[in-house]
Amino acid sequence: MPGCVIHGAGDLRVEDVPSPVPGPGEALVAVRYGGVCGSDLHYWRHGGVGDFRLREPMLLGHEVVGTVVAYGSPDAAGPAGPARPARPARPAAGTSVAVHPATPCGVCPECVDGRRNVCRDTRYLGSAARFPHVQGGFAARIVVPARQLRPLPAGLDPRRGALAEPLSVALHAVRRAGDLTGRHVLVTGAGPIGCLVVAAAKAAGAAHVTVTDLLPAALEYARAAGADTLVRADDPDDSGWPVEVDAAVEASGVAAGLDTCLRLVRRGGVAVQLGMLPPGQSPFAGNLVVSREIELRGAFRFDGEFDDALRLLAVEPAFDALVSAVVPVRDAASAFELAADRSRSCKVLLDFGAGPAG
């Protein structure tokens, strides 16, 4: 069966990989769509994401939807850990599902404290954060813990459902920013995550969302997501620049974006760093954090937001506008090239199904 395997920087291969067999407590899922994420692009371009470097070949992908094929033998692992939720009912074979990509340990201090998204011993699909790496979801069939399956709400098309993981990231970042009801929010970076932050902020009650980016095409995707004001980040004379905002979310992953957030957020406001900055040290306007008592918060992945994302996707067809293309997995190289070109795309999906690309 086809699988999308990264071997090193610039070395992406579609290979025939073995079909897995589910064990106790596991589910076999036939993947239909997989979203190409910024982290997948980083592995492809640079051989790593932030401080997480490739040390062995790895199946990419953590934004996947598909259909339940079968389950392994009954789970012999005993009861759930102290910080884990009760085991949900298993979706029947043939059910369309989204896959929550994280498997927190359930016993570390962070999990016990209810912050499973920063679990110190988590397993995350398609991640080189640990060794051996956690193989990802870009294969025709994958095996995952059964508790990670989430049935797609009635009427939710799997193509839109493939946005559940990145939308969950956006929802978590917005919640880290605090109550946004009636607030003016700045989002730096109009990539797929930035656009989804726009939608999440609007859903959280933001009165006005301003988005900055270097590319006009990216800003148009932000408009489709609900942005009120679009600003060219490289044009200091753009009339859309706000005097100040109540909260800011940095979604570009570059130090200049964080600098913009810190300079425009009001005194006592909140800035959330969501984009993964380059490895090593990054300069930032630390004196502003002190003199203006700005709260600078990180946002990493998500937890229960995954279920909220599915519910939001089910009722909002406007998200369809963010899916730029659906490409057969055998053409993964062209899909990655397209996803990396932000002048031509927002979210690109790999199609693992038998039908033609849509």
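What follows is a set of questions and answers on helix packing, cores and backbone geometry in a predicted model.

Trainee: Is Ser39 buried or exposed?

Mentor: Start with its place: Ser39 sits in helix H1, residues 38-46. Its relative accessibility is 18%. The limit for buried is under 20%. Ser39 therefore counts as buried.

Trainee: Which residues does Ser39 contact, leaving aside neighbours within four places in sequence?

Mentor: One pair of positions sets the scene: Ser39 and Gly61 are 22 residues apart in sequence, yet their C-alpha atoms are 8.8 Å apart in space. Contact is a matter of heavy atoms within 4.5 Å. With the neighbours within four places in sequence left aside, the contacts of Ser39 are Val49 and His62.

Trainee: Which residues of H1 are buried?

Mentor: Ser39 is one of them. The others in H1 are Asp40, Leu41, Tyr43 and Trp44.

Trainee: What is the phi of Gly47?

Mentor: Gly47 comes just after H1. Its phi is positive, at about 75°.

Trainee: How do H1 and H10 lie, roughly parallel or roughly perpendicular?

Mentor: H10 spans residues 332-340, and its axis comes within 11 Å of the axis of H1. The two cross at roughly 110°. Angles of 65 to 115 degrees count as roughly perpendicular. H1 and H10 are therefore roughly perpendicular.

Trainee: How many charged residues does the contact of H1 with H10 have?

Mentor: From H1 come Asp40, Leu41, Trp44 and Arg45. From H10 come Phe336, Glu337, Ala339 and Ala340. By class there are 5 nonpolar residues and no polar ones, which leaves the charged residues at 3.

Trainee: Which residues have the most contacts inside the largest nonpolar core?

Mentor: As a general point, nonpolar side chains tend to be buried together in soluble globular proteins. Here the largest nonpolar core has 56 residues. A second, separate core of 41 residues includes Val99, Phe138, Leu338 and Leu350. Inside the largest core, the residues with the most contacts are Leu180, Val187, Cys195, Val209, Val211, Phe319 and Leu322.

Trainee: Which residues does Cys195 touch, not counting those up to four places away in sequence?

Mentor: Cys195 is among the residues with the most contacts in the largest core. Its partners beyond four places in sequence include Leu322. The full set is Ala190, Ala218, Tyr221, Ala222, Ala225, Leu322 and Cys346.

Trainee: How do H5 and H6 lie, roughly parallel or roughly perpendicular?

Mentor: H5 covers residues 192-203 and H6 covers residues 216-225. Their axes come within 8 Å and cross at roughly 25°. The crossing is right-handed. Angles under 35 degrees count as roughly parallel, so H5 and H6 are roughly parallel.

Trainee: How many nonpolar residues are in the contact of H5 with H6?

Mentor: H5 brings Cys195, Val198 and Ala199. H6 brings Ala218, Tyr221, Ala222 and Ala225. No polar and no charged residues take part, and the nonpolar count is 7.

Trainee: How does H4 lie to H9, roughly parallel or roughly perpendicular?

Mentor: H4 is residues 164-176, and its axis is 8 Å from that of H9. They pack at about 110°. That angle makes H4, relative to H9, roughly perpendicular.

Trainee: How many charged residues does the contact of H4 with H9 have?

Mentor: H4 passes H9 in a right-handed crossing. Among the residues that meet are Glu165, Leu171 and Arg175 in H4, and Glu305, Phe306 and Asp308 in H9. The classes are 8 nonpolar, 2 polar and, for charged, 4.

Trainee: What is the omega of the peptide bond from Phe131 to Pro132?

Mentor: Most peptide bonds are trans. The bond from Phe131 to Pro132 is cis. Pro132 lies in the loop between strand E10 (123-124) and strand E11 (141-145). The omega of the bond is near -5°.

Trainee: Is Glu293 buried or exposed?

Mentor: Glu293 lies in the loop between helix H8 (286-291) and strand E18 (295-298). It is not a glycine, yet its phi is positive, about 50°. At 62% relative accessibility, Glu293 counts as exposed.

Trainee: And Arg301, buried or exposed?

Mentor: Arg301 lies in the loop between E18 and helix H9 (305-315). Its phi is also positive, near 55°. At 16% relative accessibility, Arg301 counts as buried.

Definitions and conventions. Residues are numbered from 1 along each chain as its sequence is written. This is a predicted model: local features need pLDDT of at least 70, side-chain atom pairs count only at pLDDT 80 or more; totals for chains, interfaces and linings use all residues. Side-chain values use heavy atoms; hydrogens and water are left out. Helices (H or I, at least four residues) and strands (E, at least two) are DSSP runs, numbered from the N terminus. Buried means under 20% relative accessible area, exposed over 50%, partly exposed in between (1.4 Å probe, protein chains only). A nonpolar core is a set of buried Ala, Val, Leu, Ile, Met, Phe, Trp, Tyr and Cys residues joined through side-chain atoms within 4.5 Å. Axes are lines fitted to C-alpha atoms, for helices over the stretch in contact, and angles run from 0 to 180 degrees between N-to-C directions. Angles under 35 degrees count as roughly parallel, over 145 as roughly antiparallel, 65 to 115 as roughly perpendicular and the rest as oblique. A crossing is left-handed if the near helix is turned anticlockwise from the far one by less than a right angle, and right-handed if clockwise. Ala, Val, Leu, Ile, Met, Phe, Trp, Tyr, Cys and Pro count as nonpolar, Asp, Glu, Lys and Arg as charged, and the others, Gly among them, as polar.
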